[in-house]
Amino acid sequence: MGQNKGYLTAKTNKQSDEYFTPVEAVRPLLEFLPKGKIIWCPFDTKDSAYVKIFEEKGFQVIYSHIDNGENFFFFEPPKYDIIISNPPFSCKDEILKRLDELGKPFAILLPLPSLQGQKRFPYLKNCQALIFDKRINFYQDKEMTKMVKGVAFASIYICKNFLPKDLIFREVKNEN
């Protein structure tokens, strides 16, 4: 029997961190977003699917990105209620630690194997998960024209104080 070792051999460095989330991976979050809440997307620009969809649905969104001098580890908007984004996978441990320190509800898209790890375990103990029926293919360009097909790992939203129960399964509906 063949092994799927794609996740083990996939690049997880700074150069491999800039991928863009497709609309179909953002839409499942909408049913869980309470009206009137301010969403901070800390790894996003105005062109992000998160920002576009949330604003389209009437939510107030604050977006920030390291390229604009807004480093998630040092920057925090003065007022927001929920953190939602697809962060750089190469520093997921540090991101989960920072999310824990901030103490706000969050939904962060990460590889499924992120659920295990001694370093991040303390920050995952009381988390929730939104799990999809299939893998998410990400875009490699911000114009969202070049999709990376055959992603080697499943993605899930790791959440805290965001979902109505700890484990939720949803189908991903393609936007085509």
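A salt bridge here is a side-chain nitrogen of Lys or Arg within 4 Å of a carboxyl oxygen of Asp or Glu. I keep that at the top of the page, as I will need it for Glu-171 and Lys-173. A reminder to myself as well: this is a predicted model.

**Entry 1: salt bridges**

I searched the whole structure and found 8 salt bridges. I looked up three pairs in detail.

I started with Glu-171 and Lys-173, whose closest N and O atoms are 3.8 Å apart, which puts the pair within the 4 Å limit. Both residues are exposed.

Next I turned to Glu-56 and Arg-27, where the closest N and O atoms are 4.0 Å apart. This pair links distant parts of the chain, 29 residues apart: Glu-56 belongs to helix 3 (residues 49–56), while Arg-27 sits in the loop between helix 2 (23–26) and strand 1. Is Glu-56 buried or exposed? I found a relative accessibility of 54%, so Glu-56 counts as exposed, the limit being over 50%. Arg-27 has a relative accessible area of 31% and is partly exposed.

The third pair is Arg-120 with Asp-93, and here I noted 2.3 Å from N to O. Arg-120 comes from the loop between strand 4 and helix 5 (121–124) and Asp-93 from helix 4, so their salt bridge ties together parts that are 27 residues apart in sequence. I checked burial for both partners. Arg-120 has a relative accessible area of 11%, under the 20% limit, and is therefore buried. Asp-93 is buried too, at 17%.

**Entry 2: the overall layout**

I stepped back to see the whole chain. I counted 5 helices and 7 strands, and along the sequence they follow the pattern α-α-β-α-β-β-α-β-α-β-β-β. Of the 176 residues, 47% are buried. I also checked how far contacts reach: among those between residues at least 6 apart in sequence, 67% join residues at least 24 apart.

**Entry 3: the sheet**

In what order do the strands of the open sheet lie? I read 2-1-3-4-6-5-7 for the 7 strands, with mixed pairing. Strand 2 (60–63) and strand 7 (167–170) are at the edges; each has a single partner strand, so one side of each has no neighbour in the sheet. From one strand to the next, the twist averages 25 degrees.

**Entry 4: strand 1 and its partners**

I then followed strand 1 (residues 38–41), which runs parallel to strand 2 and is joined to it by 4 bridges. On that side I found Ile-38 opposite Gln-60 and Cys-41 opposite Tyr-63. Strand 1 also pairs with strand 3 in the parallel sense, over 2 bridges, and there Trp-40 stands opposite Ile-83.

In a regular strand the side chains alternate between the two faces of the sheet. I looked for this in strand 1: Ile-38 and Trp-40 point one way, Ile-39 and Cys-41 the other way, and all are buried.

**Entry 5: helix 3**

The link from strand 1 to strand 2 caught my eye next. Together with helix 3, these two strands make a right-handed β-α-β unit. Within helix 3, I listed Ala-49, Tyr-50, Val-51, Ile-53 and Phe-54 as buried. What covers them? I found that the cover includes helix 2, strand 1, strand 2, strand 3, strand 4 and strand 6.

I also inspected the two ends of helix 3. Ser-48 caps the N-terminal end, with a side-chain oxygen 3.0 Å from the backbone nitrogen of Tyr-50. Just after the helix, Gly-58 takes a positive phi of about 90 degrees.

**Entry 6: helix 4**

My last stop was helix 4 (residues 92–102), which packs on the sheet. I noted its touching strand 1, strand 3 (82–85), strand 4 (106–111) and strand 6 (155–160). The direction of helix 4 makes about 170 degrees with that of strand 4. Its buried residues are Lys-92, Asp-93, Ile-95, Leu-96, Arg-98, Leu-99 and Leu-102. I recognised Asp-93 from my first entry, as the salt-bridge partner of Arg-120. Just after helix 4, I found Gly-103 with a positive phi of about 70 degrees.

Note on methods: Residues are numbered from 1 along each chain as its sequence is written. This is a predicted model: local features need pLDDT of at least 70, side-chain atom pairs count only at pLDDT 80 or more; totals for chains, interfaces and linings use all residues. Side-chain values use heavy atoms; hydrogens and water are left out. Two strands pair if DSSP finds at least two bridges between them. Axes are lines fitted to C-alpha atoms, for helices over the stretch in contact, and angles run from 0 to 180 degrees between N-to-C directions. Contact means heavy atoms within 4.5 Å. Buried means under 20% relative accessible area, exposed over 50%, partly exposed in between (1.4 Å probe, protein chains only). A polar contact is a pair of N or O atoms within 3.5 Å; within protein, one must be able to donate a hydrogen and the other to accept it, and residues adjacent in sequence count only if both atoms are side-chain atoms. A crossover is right-handed if, with the strands pointing away from the viewer, the path from the first strand over the helix to the second runs clockwise.
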